[in-house]
Amino acid sequence: MRRFRDEFFGRWRSCHAHVGEPCVVCALYQIFTSLRTAYIFQKGEKKIASTNAQRKPVSPTRLRKALLSYGEQSNNFQMGQMNDASEVLTAIFDCFHKSFISGSNVSGAGSVGNCKISSFANTSCIAHFLFGMDIFECMKCINCGLQSRSSAQTLYFHHVNAFELRRLKGMCRTSSFDVLLHFLRINDQFSCDRCHKLNHISHTLSNPPRFFTIVLGWRECESDDDINDTIGALDTKIDIAVFYPQRGLKNAIKYKLVSVICYIGEQCRCFAYSHEGEKWLMCDDTLVEAIDGDTTDVLKICQQQHLQPQLLFFEAEE
């Protein structure tokens, strides 16, 4: 995700407060710097240089130690421990919020998990600026007209239940991924405080994020068929206006898949599109390699290898 990397480099050089000992933000900066040095792309040939040194993954040990220090009370991020990818990302976003908001001398710095919409939400914090969605929620009863459950919050992830997604896909086989997400949202209903009629909560988007992040929640034991059926419901492009309409507008808000973090057992694999090499890369604990094929082929690989996608990053189309 080149836009995130470039934005992060620019903000790190300007001003940030250290968070943790060692600093989580500085540890992440060192990883990006090492990646920039390690993976050299040959201009014009559109292929990755093939020396062994260039194909070795960069160790995340310093970042893990920084996260361990930052979240020592929760016993997360222990050395040798398998952590949920969305938990790691949440912790990093929280560090971004505290680091860049404090570094910019903006008052009221809280945490990602409890952040209110504010005037600095889209400028000072990189998590807000690139990933944050200001969402206005309201339930209007279709029976008595009562408006309730009104709130405003900043969200960074869209959570999707894998079981419910594939079940719905089985009933609506021709529906696209974004339409399925819309159905899942309106199927989540609540009782009216006055007449007790069931209604769904409307969610209106104030600002489209640069990156839209989906967290897939899986059951403890999933069969290969269940995994394949869930991946079969995914698409490489989505229009988030289908399930997150933007306030005052009816235009499409289109995104394309640029990265997927998957699990198979206790192993983690990451697929990421390289803008420099114009290729998809597959990374695990021991290897970084280029993939022959496009974004659709990435999802096919996940099906063939029975990988369980947990984090899907979509980038706004230009």
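**Cores, confidence and two helices**

Let's start inside. The largest nonpolar core has 41 residues. F212, F271 and F314 have the most contacts within that core. Keep in mind that this is a predicted model.

Take F271. Which residues is F271 in contact with, leaving aside neighbours within four places in sequence? V258, S259, V260 and C262 are among them. So are W280, L281 and M282. The list ends with I291, V298, I301, C302 and L307.

There is another core, apart from that one, with 39 residues. Its members include F8, L67, Y263 and L311. As general background, nonpolar side chains in soluble globular proteins tend to be buried together.

Now confidence. The chain's average pLDDT is 83. Residues scoring at least 70 make up 82%. Two stretches need a caveat. Over residues 41-54, pLDDT stays under 50. The model still has 20 contacts for that stretch beyond four places in sequence. Over residues 105-109, pLDDT is also below 50. That stretch has 8 contacts beyond near neighbours in sequence.

On to helices. Helix α8 covers residues 177-187. Which of its residues are buried? F177, D178, L180, L181 and R185. Looking down the α8 axis, these buried residues fall within an arc of 155 degrees, so they line one face of the helix. The general rule: an α-helix has 3.6 residues a turn, so residues three or four places apart point the same way.

Last, L35. L35 sits in helix α2, residues 24-38. Is L35 buried or partly exposed? Its relative accessible area is 27%, so L35 counts as partly exposed. Along the chain, L35 and V58 are 23 residues apart. Their C-alpha atoms are separated by 6.6 Å.

Conventions
Residues are numbered from 1 along each chain as its sequence is written. This is a predicted model: local features need pLDDT of at least 70, side-chain atom pairs count only at pLDDT 80 or more; totals for chains, interfaces and linings use all residues. Side-chain values use heavy atoms; hydrogens and water are left out. pLDDT is the predictor's confidence in each residue, from 0 to 100. Contact means heavy atoms within 4.5 Å. A nonpolar core is a set of buried Ala, Val, Leu, Ile, Met, Phe, Trp, Tyr and Cys residues joined through side-chain atoms within 4.5 Å. Buried means under 20% relative accessible area, exposed over 50%, partly exposed in between (1.4 Å probe, protein chains only). Helices (H or I, at least four residues) and strands (E, at least two) are DSSP runs, numbered from the N terminus. The arc is that of the directions from the helix axis to the C-beta atoms.
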